Amino acid sequence: MKIGTVLSYVAALSLAATMAQAGTSKMDFAKVYEKECQGCHGPIHQGGVGSDLRPKVLKKKNADMLAETILNGRPGTAMPSWKHMFSKDDAAGMVDWLMNWKNTVELKLDLDQIKKSWKKLADRDELFKKYPKPVDVKDVKDIVFATERDASLVDFIDGTTGKVLSRHKAGFAVHVTVTNKRMPRYAYSISRSGRLTMFDLNAPGQPAIASVQVGQESRGLAVSPDGKYVMAGNYNPGGAVLCDAKTLEPLKVYPTASVIDPDGNIGPSRVAYIADTPYAPYFSFALKDGGHVYIVDYSKPDFPVVGDIPNIGKILHDAFENEGKQTGRFVYVASQGSDLMGVVDLKTKKLAAKIYTGPGTKPHPGQGSSWYNDRYGQLNATNSMNVGDVVIWDMNNEVVAHVPTAGGGLFIGTSKDTPYLWSDCVLGGPENYNKVYLINKQTLKTDRIIEVGKKEGRLIDAHTGKVLQTWDATQYQTVKGKEVDSKISKEKLLTYTAKHGPAVKKPVVPRLLHAEPANHGKWTFISEWTTGRIGVYKSDTGEFVKYIYNMTTPTFTYSVEHRQEVPGA
C-alpha cells in the first residue's frame, strides 16, 4: 500500500472515530491530537516526553481527572494548560476519544514507495552553473534558517541584517533544517509531516530543488561531512532513511518496526536524534522506544549498521557531540524516561557511561553545549524539561554543576563568540517562559537574564537584580503574506513584508525558546513562539538589538556557520 494511500486511510478512520466520539464538542480530536499532542505523546499514543495515552492505560484512570489535566496542565512536567483552546466539553470529548482510540494501521518503511514520492523541483546542475556565488547575500554562511511551525514554513534570513530573504512551504511543523558541510550552498529541512526538502542557497530566493516523503511523521536530520549523504529519522513508520545529498534520491531504509526495548519487550520504535560526526564516517541514531543507538558506516557498500548499543535508557530523544580533543567521538544521548545522558563512544561502539541528571528532570539538550572551561577543561551541558536546572559535566562524565533557572527548558546553546550558555525556560509556565538565562561559561553562574514582558523587555543583572537595559516590546498584529508560485522551482512560497500591523489590544506573555548564534558571532537569535517574532540580541552582552516581525509561531533558528562548526548538526 502506498504511503499516500495509507495516510488517506488513516485520516478517514481518524475522522470517523472523531465523529463517533465528539459528543457535545465540535472539536476534531484526531486533528488536534496530531497538531498539538503527538509531539510529546507519540503518533500511536505510546508516550515519550508525555504519558502513554493508549486505551489500556487510560481506562485505569479517572476520566474527570484526565479532563482536568488537559484544562489545567500538570505542574512540574512538560504538560501545559490547554484552557485557551479547550472547553470543558472539548476536554471530556478528547478523553473519551483517547480511551476508545484504535491503532488501525501499522506503517512500515518501504524503500520502493519512498522512491516513488521523490520529486525534482528544479534543475540542480543548471542552477549550479548559473549561480556559482550567492545572489542574495555576500556569503552563503551568513544565512540563518528559521521555522514557522503552524504556517508550515522554512525561512531564510540574512544573519547580518535580519532581512527575510524567502519563505517556503515545506510541510507541517518544519522541525530541523541543516546544511551540507562540504557544499554549504545546499540546505535540507525535515517536517513533522515527513517531508524532506533540499534547497539551493546560492540561487535567488533559495529555491527548493528536490523533495521526498520519507514517512508520516519525522524528526531528526543530518548530513555526512563529506557532503554525499543525508539521513532523516521517522517517528512513524519507525526507522531512518538514507538519501543522496546531491539529489535527495532515497538509497536505503533502516526499519525499526521490531526491536527489543529496555524491559525486554519486542515492538516498534520511533527514531529520535540523528547525528553525523567528524570523528568517523558514521551516522548514529537513537531508537527512542528501544533504548538503543545504531551506528551506520556510510563509507562501506550498502551502508551497514556497524554498531548497536543497547540499554542506554528509556525514551531516548535528542543528542549532541563533544568538542575539543577528539571532537565528535562521544555522543551524549538524552534518556528522558531514565533521567540520564547516555555517553556513546563511537571509537569503541559501546556505552561509556550514564550521567544521571536528577530525578524527574527529563533532560532535553536540544543543540546541546560543549565548551572549554579554564578550571575543568572541556565541559558539556543539557537543559531539563521538568525543572529549571542546567546540568553540566566534564569529560570524566562527572557532574560538576547544577545551575538553577526559572523553569523547565528545551534548548541550551552557545558558540565560540559568546561568553554564555543561553538556556530557555520555555516549559516553565507563563510566569517564567518569557525568560532566557545567560550562564557564564567560566564561573558556571547565571550572569544575566533576558525577560520579555507584554510591553517591555528587560536585560537583568542576575547577581544584583539591576536592570541593565529596557526596550519596547509592544506586540503587533501579524501581516500575513500571500501564497505564490516560485519562478525557479515547482514549489509554493509565502511573501513577506517587514512592516508590522497595528498594536495587539490584548498582548500575551512572550514564550521564548531556542537561542541560536549567527555565523558572524555578533548576534544571537531567540524565537518568540506566542508573539510571532524573532528577537535579535548581542552575543557578547545579551543586549537587545531588534525584532523580526510577521511570523507564525516561529520555533527554531539555525545558523549555517554555527551548524558547520558544531558536531552532529
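**Close-up 1. Strand 29 joins strand 30 through five bridges, and the two run antiparallel.** All the views in this set come from a predicted model. Strand 30 covers residues 446-452, and here the threonine at position 446 is the bridge partner of isoleucine 439. Follow the chain from strand 29 into strand 30 and you pass through a hairpin with five residues between the strands. Look for leucine 444 in that turn: its phi is positive, at about 60 degrees.

**Close-up 2. Strand 29 also pairs with strand 28, again in the antiparallel sense.** Strand 28 takes in residues 420-424, and five bridges hold the pairing with strand 29. A handy pair to find is tryptophan 422, which stands opposite leucine 438 of strand 29.

**Close-up 3. Strand 29, residues 435-440, is mostly covered.** How many of its six residues are buried? The count is six of six. In a regular strand, side chains alternate between the two faces of the sheet. In strand 29, Lys435, Tyr437 and Ile439 point one way, while Val436, Leu438 and Asn440 point the other way. Residues on both sides are buried, Lys435 and Asn440 among them.

**Close-up 4. Helix 2 packs against helix 5 at an angle of about 90 degrees.** Helix 2 spans residues 29-41 and helix 5 spans residues 88-99, with their axes 10 Å apart. Because angles of 65 to 115 degrees count as roughly perpendicular, helix 2 is roughly perpendicular to helix 5. Which residues of helix 2 meet helix 5? They are Phe29, Ala30, Val32 and Tyr33, and they face Asp90, Gly93, Met94, Trp97 and Leu98 on the helix 5 side. Sorted by class, this contact has seven nonpolar residues, one polar and one charged.

**Close-up 5. An open sheet of four strands runs in the order 9-10-11-12 with antiparallel pairing.** Strand 9 (217-223) and strand 12 (250-255) are the edge strands, each pairing on one side only. From one strand to the next, the twist averages 20 degrees. Inside the sheet, strand 10 (residues 229-236) and strand 11 (residues 239-244) run antiparallel and are joined by six bridges. To get your bearings there, start from glycine 233, whose bridge partner in strand 11 is alanine 240.

**Close-up 6. Another open sheet has four antiparallel strands in the order 35-36-37-38.** Its edges are strand 35 (512-517) and strand 38 (544-548), each with pairing on one side only. Ignoring direction, neighbouring strands in this sheet are turned by 25 degrees against each other on average. Strand 35 and strand 36 (residues 523-528) run antiparallel, with four bridges between them. Proline 517 is a good landmark, standing opposite threonine 524 in strand 36.

**Close-up 7. The largest nonpolar core has 50 residues.** In soluble globular proteins, nonpolar side chains tend to be buried together. Which residues have the most contacts inside this core? They are Ile143, Phe145, Tyr188, Leu196, Leu201, Leu221 and Leu248. Leucine 201 makes a friendly starting point: leaving aside residues up to four places away in sequence, its contacts include Ile143, Phe145, Phe156 and Val560. Pro134, Pro184, Arg185 and Gln206 are also among the residues that leucine 201 touches. A second core, separate from this one, has 22 residues, including Val32, Tyr33, Leu58 and Trp101. Val32 and Tyr33 also appear in Close-up 4, where they meet helix 5.

Methods:
Residues are numbered from 1 along each chain as its sequence is written. This is a predicted model: local features need pLDDT of at least 70, side-chain atom pairs count only at pLDDT 80 or more; totals for chains, interfaces and linings use all residues. Side-chain values use heavy atoms; hydrogens and water are left out. Axes are lines fitted to C-alpha atoms, for helices over the stretch in contact, and angles run from 0 to 180 degrees between N-to-C directions. Angles under 35 degrees count as roughly parallel, over 145 as roughly antiparallel, 65 to 115 as roughly perpendicular and the rest as oblique. Contact means heavy atoms within 4.5 Å. Ala, Val, Leu, Ile, Met, Phe, Trp, Tyr, Cys and Pro count as nonpolar, Asp, Glu, Lys and Arg as charged, and the others, Gly among them, as polar. Two strands pair if DSSP finds at least two bridges between them. Buried means under 20% relative accessible area, exposed over 50%, partly exposed in between (1.4 Å probe, protein chains only). A nonpolar core is a set of buried Ala, Val, Leu, Ile, Met, Phe, Trp, Tyr and Cys residues joined through side-chain atoms within 4.5 Å.
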